[in-house]
Amino acid sequence: MMSKFEDEEEQELGKLAISLADAAVLPMVLKSALELNVIDTIFASSGSSEGAFLSHAEIASRLPAKNHDAPVLPDRMLRLLAGYDILKCSVRTGENEVVERLYGAGPICKFLVKNEDGGSVATLLLLHQDKVLMESWYIYMILFSNSPLITTSLAN
């Protein structure tokens, strides 16, 4: 039988294992949000990192998608980003007592949108999550090559 300390340690190790398994989720969701200009939309509507909040339907209406399920899909992304404090989330009770989540820019968003010089950390994130770069690492890891660029060339 495990002691209370050993049981707590086991639970912490289990949580770490799940975190490692989910490690790619946040960067990929953030990449999608950046490519869809979701962060820019939220930040621009607020005027700063402390401004207005938008509903997922308002954000989805500004996306180029013509998908009738579009408001549901960004809401999942937005909830994840809010869970990591990239976005802020609040709730309001609307008509018929329907609870709706609203999203605003978190303080970190100012680094994910272009500054006055046109620079942004988002560019670095998009580079690191680029399909070609990601695939070259997969091949590199399999073949143990000295260069991911050479490995990509060999794989084609």
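## Helix 6 and the nonpolar patch

L124 is found in helix 6, which spans residues 121-128, and in this predicted model the residue is partly exposed, with a relative accessible area of 45%. Together with I108, F111, V121 and L127, L124 forms a nonpolar patch on the surface, and the accessible area of these residues together is about 460 Å². Because patches are made of residues with over 30% relative accessible area, the 45% of L124 is in keeping with a place in the patch.

## Overall architecture

The secondary structure of the chain comes to eight helices and three strands, and from the N terminus on these elements follow the order α-α-α-β-α-α-β-β-α-α-α. The chain has 156 residues, of which 28% count as buried.

## Helix 1: a negative patch and a salt bridge

A negative patch on the surface is formed by E6, D7, E8, E9 and E10. One of these residues, D7, lies in helix 1, which covers residues 4-21, and D7 is partly exposed at a relative accessible area of 35%.

Helix 1 also holds K15 and E12, which are three residues apart and therefore separated by about one helical turn. These two residues form a salt bridge in which the closest N and O atoms are 3.4 Å apart, and E12 is partly exposed, with a relative accessible area of 47%.

## Salt bridges beyond helix 1

A search of the whole structure finds five salt bridges. In one of them, the side chains of R79 and D75 meet at 3.8 Å, N to O; both residues lie in helix 5 (residues 72-83), where they are four residues apart, about one turn of the helix. The two partners differ in burial class, since D75 is buried, with a relative accessible area of 6%, whereas R79 is partly exposed, with a relative accessible area of 39%. D75 and R79 are also linked with R101 in a network of salt bridges.

Another salt bridge joins R92 to E100, with 2.8 Å between the closest N and O atoms. R92 is partly exposed at a relative accessible area of 40%, and E100, at 21% relative accessibility, counts as partly exposed as well.

## A side-chain to backbone contact at helix 3

T41 lies in helix 3, which runs over residues 38-46, and the side chain of T41 reaches the backbone oxygen of N37 at 2.7 Å. Because buried means under 20% relative accessible area, T41 counts as buried at 18% relative accessibility.

Technical notes
Residues are numbered from 1 along each chain as its sequence is written. This is a predicted model: local features need pLDDT of at least 70, side-chain atom pairs count only at pLDDT 80 or more; totals for chains, interfaces and linings use all residues. Side-chain values use heavy atoms; hydrogens and water are left out. Patches are made of residues with over 30% relative accessible area and no salt bridge: like charges are joined within 9 Å, nonpolar side chains (Val, Leu, Ile, Met, Phe, Trp, Tyr) within 5 Å. Accessible areas come from the Shrake-Rupley method with a 1.4 Å probe; for residues, only the protein chains shown count as cover. A salt bridge is a side-chain nitrogen of Lys or Arg within 4 Å of a carboxyl oxygen of Asp or Glu. Lys and Arg count as positive and Asp and Glu as negative; His and the chain ends are not counted. The place of a charge is taken as NZ of Lys, CZ of Arg, CG of Asp or CD of Glu. Helices (H or I, at least four residues) and strands (E, at least two) are DSSP runs, numbered from the N terminus. Buried means under 20% relative accessible area, exposed over 50%, partly exposed in between (1.4 Å probe, protein chains only). A polar contact is a pair of N or O atoms within 3.5 Å; within protein, one must be able to donate a hydrogen and the other to accept it, and residues adjacent in sequence count only if both atoms are side-chain atoms.
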